[in-house]
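A protein model is best read in steps, from the overall plan down to individual side chains. Please keep the structure in view while following the paragraphs below.

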Amino acid sequence: MPPPPRKPRSHPLQRVLQGAEDGIHLIVAALLIVFALVLTIGVVNDAVNAIRGPYREGQVVLSALDNSLVLFIVAELLHTVRLTIRNRTLDAEPFLVVGVIAGIRKVLIVTAEPDKSFTWSSQGIELLILICLILVATVSVWVWRRATHPDDSPG
């Protein structure tokens, strides 16, 4: 029985760079966790202040929805950093998903703002661009998944 093949030894500089890259990923992950905690505290604080003060349900719901979707985006970015550290590769799919979530967030915020009346000149163009962005990103996620996981396709 032949001996198992040896792994090629990596250059010391490559090991140092890999360690630095992992360190940067861990710092980014820690900052995302801190940002998520601060955002969560801010959402709770806003809700408590809204209940204490003059209660404007539209503004409370809009603020909670906006901050919750931003928190969801932060969670997806943290997931992406975790996958990058684990797989040692950078996938495009998580970023496309974050783009879809960010586009949907903006559409919801633009359409739910009670203080503004809808105008086609600015809001309509913004909504059309956002809808196109969401559609393109969604199709890109679908194509990406079909290309990288052909066995998962139905049929």
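Which pattern does the protein chain follow when it is read along the sequence? The pattern is α-α-α-α, and the chain accordingly holds 4 helices and 0 strands. The reader should bear in mind that this is a predicted model. The protein chain has 155 residues, of which 23% are buried. Its accessible surface comes to about 11,500 Å², and carbon and sulfur atoms account for 69% of that area. Among contacts between residues at least 6 apart in sequence, 69% join residues that are at least 24 apart.

Helix α2 is a suitable place to begin. It covers residues 57-87, which amounts to 31 residues. From its first C-alpha to its last, α2 reaches 44 Å, close to the 45 Å expected at 1.5 Å a residue. The buried residues of α2 include L62, L69, V70, I73 and V74, but also D66, N67 and E76. These buried residues pack against two other helices, α1 (12-52) and α3. A general point helps in reading such lists: an α-helix has 3.6 residues a turn, so residues three or four places apart point the same way. After α2 comes R88, whose phi is positive, near 60 degrees.

One residue of α2 deserves a separate look, namely L78. Is L78 buried or partly exposed? L78 counts as partly exposed because its relative accessibility is 26%, and buried would require a value under 20%. Leaving aside residues up to four places away in sequence, L78 touches A29, L32 and I33. L78 and L32 are 46 residues apart along the chain, yet their C-alpha atoms are separated by 6.4 Å.

Helix α3 can be examined in the manner used for α2. This helix has 20 residues and reaches 28 Å from its first C-alpha to its last, close to the 28 Å expected at 1.5 Å a residue. Its buried residues are E93, P94, V98, V100, I101, G103, V107, I109 and V110.

The next topic is the nonpolar interior. Which residues form the largest nonpolar core? This core has 7 residues: V100, V107, V110, L127, L130, I134 and A137. Both α3 (93-112) and α4 (120-148) supply at least two of its residues, and the largest share, 4 residues, comes from α4. I134 shows the contacts of one core member: apart from residues up to four places away in sequence, I134 touches V100, G103, I104 and V107. There is also a second, separate core of 5 residues, among them A29, L32, A36 and V74.

Charged side chains provide further links. As a general matter, side chains of opposite charge can pair when their charged atoms come close. How many salt bridges does the structure hold? It holds 3 salt bridges. One of them joins R105 and D66, with the closest N and O atoms 2.6 Å apart. This pair links distant parts of the chain, since R105 is in helix α3 and D66 is in helix α2, 39 residues apart.

Another salt bridge is formed by R145 and E93, whose closest N and O atoms are 2.3 Å apart. R145 lies in helix α4 and E93 in helix α3, so this pair ties together parts that are 52 residues apart in sequence. The two partners can be described by their accessibility: R145 counts as partly exposed because its relative accessibility is 44%, while E93 counts as buried at 15%.

A salt bridge also joins K106 and E126, with the closest N and O atoms 3.8 Å apart. K106 belongs to helix α3 and E126 to helix α4, and the pair links parts of the chain 20 residues apart. K106 counts as partly exposed at 33% relative accessibility, and E126 likewise counts as partly exposed, at 30%.

The final step turns to the surface. Which residues form a nonpolar patch there? L13, V16 and L17 do so, with about 300 Å² of accessible area together. V16 is found in helix α1. V16 counts as exposed because its relative accessible area is 56%, and exposed means over 50%.

Conventions:
Residues are numbered from 1 along each chain as its sequence is written. This is a predicted model: local features need pLDDT of at least 70, side-chain atom pairs count only at pLDDT 80 or more; totals for chains, interfaces and linings use all residues. Side-chain values use heavy atoms; hydrogens and water are left out. A nonpolar core is a set of buried Ala, Val, Leu, Ile, Met, Phe, Trp, Tyr and Cys residues joined through side-chain atoms within 4.5 Å. Buried means under 20% relative accessible area, exposed over 50%, partly exposed in between (1.4 Å probe, protein chains only). Contact means heavy atoms within 4.5 Å. The expected span of a helix is 1.5 Å times one less than its number of residues. Accessible areas come from the Shrake-Rupley method with a 1.4 Å probe; for residues, only the protein chains shown count as cover. Patches are made of residues with over 30% relative accessible area and no salt bridge: like charges are joined within 9 Å, nonpolar side chains (Val, Leu, Ile, Met, Phe, Trp, Tyr) within 5 Å. A salt bridge is a side-chain nitrogen of Lys or Arg within 4 Å of a carboxyl oxygen of Asp or Glu.
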